[in-house]
Amino acid sequence: VSSSTLESLGFCVGPALGGVLLAVSNVWVVFAVTAVCFVWSALMLVPLLRATEPPLTHERPHLLEETTAGFRAIARDRRLRLVVGLFSAQTLVNGAFGVLIAVAAFDLLELGPSGVGYLNAAVGVGGIIGGLVSLALVGHRRLATTFGIAVAGTGGPLLLVGGVPRTGIALLAFGLIGFANIICDVSGFTILQRGTPSEVLAR
């Protein structure tokens, strides 16, 4: 929940800060500040280099076995195959969605370059609301129905945009997609953690 909510905040706050910075400076300054932020994020991981790991108590595992362990765990378990398959479909739609935001802003709604920012902001606002709502999912034992509905919600609202190409409808639809994305992540990743053997969970 925390991770997904922070991601949604980034969707809202990041473009807004970038826009303000661009308004008072120029493009190369925005790129430079972005690069510095990435370097700063990487430096935050430096303390992990000093973390000590427990010594291996058995023979060093074989590289091929380790790298394929997660795939083999998914192949053996019908439930994991379903969840990972739905996540894969959702990821495919999300990839197309990144392009559709620009297409909708420029060609469908004729909002121009600023329209891309508005539509992205709608996704972020929906995600923040979804993050708050997803707090209610903590501790729930049955999340499969919620996950299924959320997966449908990550793509379904696009039908509204295509059917009724109006700015208000698009902002609502993109907000619903942001909302559904967070619910999908929280419920789906929780299901994965509950259903995956702990020795291959990181894979």
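**Exercise 1. Overall architecture**

In what order do the elements of the protein run from the N terminus on?

*Solution.* The model is a predicted one, and its elements, read from the N terminus on, run α-α-α-α-α-α-α-α. Counting by type gives eight helices and zero strands. Turning to overall dimensions, the C-alpha atoms fill a box of roughly 60 × 40 × 30 Å when the box is taken along the principal axes. The protein has 203 residues, of which 28% count as buried, and its accessible surface comes to about 13300 Å², with 70% of that surface belonging to carbon and sulfur atoms. Finally, among the contacts with a separation of 6 or more, 73% are accounted for by residues 24 or more positions apart.

**Exercise 2. The packing of H3 against H4**

Determine how the axes of helix H3 and helix H4 are oriented towards each other, and list the residues that make the contact.

*Solution.* Begin with the axes: those of H3 (residues 63–76) and H4 (residues 78–108) come within 5 Å and cross at roughly 110 degrees. Angles of 65 to 115 degrees count as roughly perpendicular, and therefore H3 is roughly perpendicular to H4. Next, identify the residues: H3 contributes Ala 73, Ile 74, Ala 75 and Arg 76, while H4 contributes Arg 78, Leu 80, Arg 81 and Val 84. Sorted by class, the contact has five nonpolar, no polar and three charged residues.

**Exercise 3. Cysteines and disulfides**

State how many disulfides a search of the whole structure finds, and classify Cys 37 and Cys 184 as buried, partly exposed or exposed.

*Solution.* It helps to recall that a disulfide is a covalent bond between the sulfur atoms of two cysteines. The search of the whole structure finds zero disulfides. For the classification, a residue is buried under 20% relative accessible area and exposed over 50%, with partly exposed in between. Cys 37 has 42% relative accessibility and so counts as partly exposed, whereas Cys 184, at 0% relative accessibility, counts as buried.

**Exercise 4. The loop between H4 and H5**

Describe the backbone of Glu 110 and the surroundings of Leu 111, beginning with the place of each residue.

*Solution.* Glu 110 lies in the loop between H4 and helix H5 (113–134), and Leu 111 has its place in the loop between H4 and H5 as well. For the backbone, keep in mind that most residues other than glycine have a negative phi. Glu 110 is not a glycine, yet it has a positive phi of about 55 degrees. Its relative accessibility of 65% makes Glu 110 exposed, while Leu 111, with a relative accessible area of 27%, is partly exposed. Leaving aside residues up to four places away in sequence, Leu 111 touches Ala 105 and Thr 167. The C-alpha atoms of Leu 111 and Thr 167 are separated by 8.3 Å, although these residues are 56 residues apart along the chain.

**Exercise 5. A position in H5**

Where is Ala 121 placed, and how many Å separate its C-alpha atom from that of Leu 17?

*Solution.* The place of Ala 121 is in helix H5, and at 29% relative accessibility this residue counts as partly exposed. Leu 17 is 104 residues from Ala 121 along the chain, and the C-alpha atoms of the two are separated by 12 Å.

Conventions: Residues are numbered from 1 along each chain as its sequence is written. This is a predicted model: local features need pLDDT of at least 70, side-chain atom pairs count only at pLDDT 80 or more; totals for chains, interfaces and linings use all residues. Side-chain values use heavy atoms; hydrogens and water are left out. Axes are lines fitted to C-alpha atoms, for helices over the stretch in contact, and angles run from 0 to 180 degrees between N-to-C directions. Helices (H or I, at least four residues) and strands (E, at least two) are DSSP runs, numbered from the N terminus. Angles under 35 degrees count as roughly parallel, over 145 as roughly antiparallel, 65 to 115 as roughly perpendicular and the rest as oblique. Contact means heavy atoms within 4.5 Å. Ala, Val, Leu, Ile, Met, Phe, Trp, Tyr, Cys and Pro count as nonpolar, Asp, Glu, Lys and Arg as charged, and the others, Gly among them, as polar. Buried means under 20% relative accessible area, exposed over 50%, partly exposed in between (1.4 Å probe, protein chains only). Accessible areas come from the Shrake-Rupley method with a 1.4 Å probe; for residues, only the protein chains shown count as cover. A disulfide is a pair of cysteine sulfur atoms within 2.5 Å.
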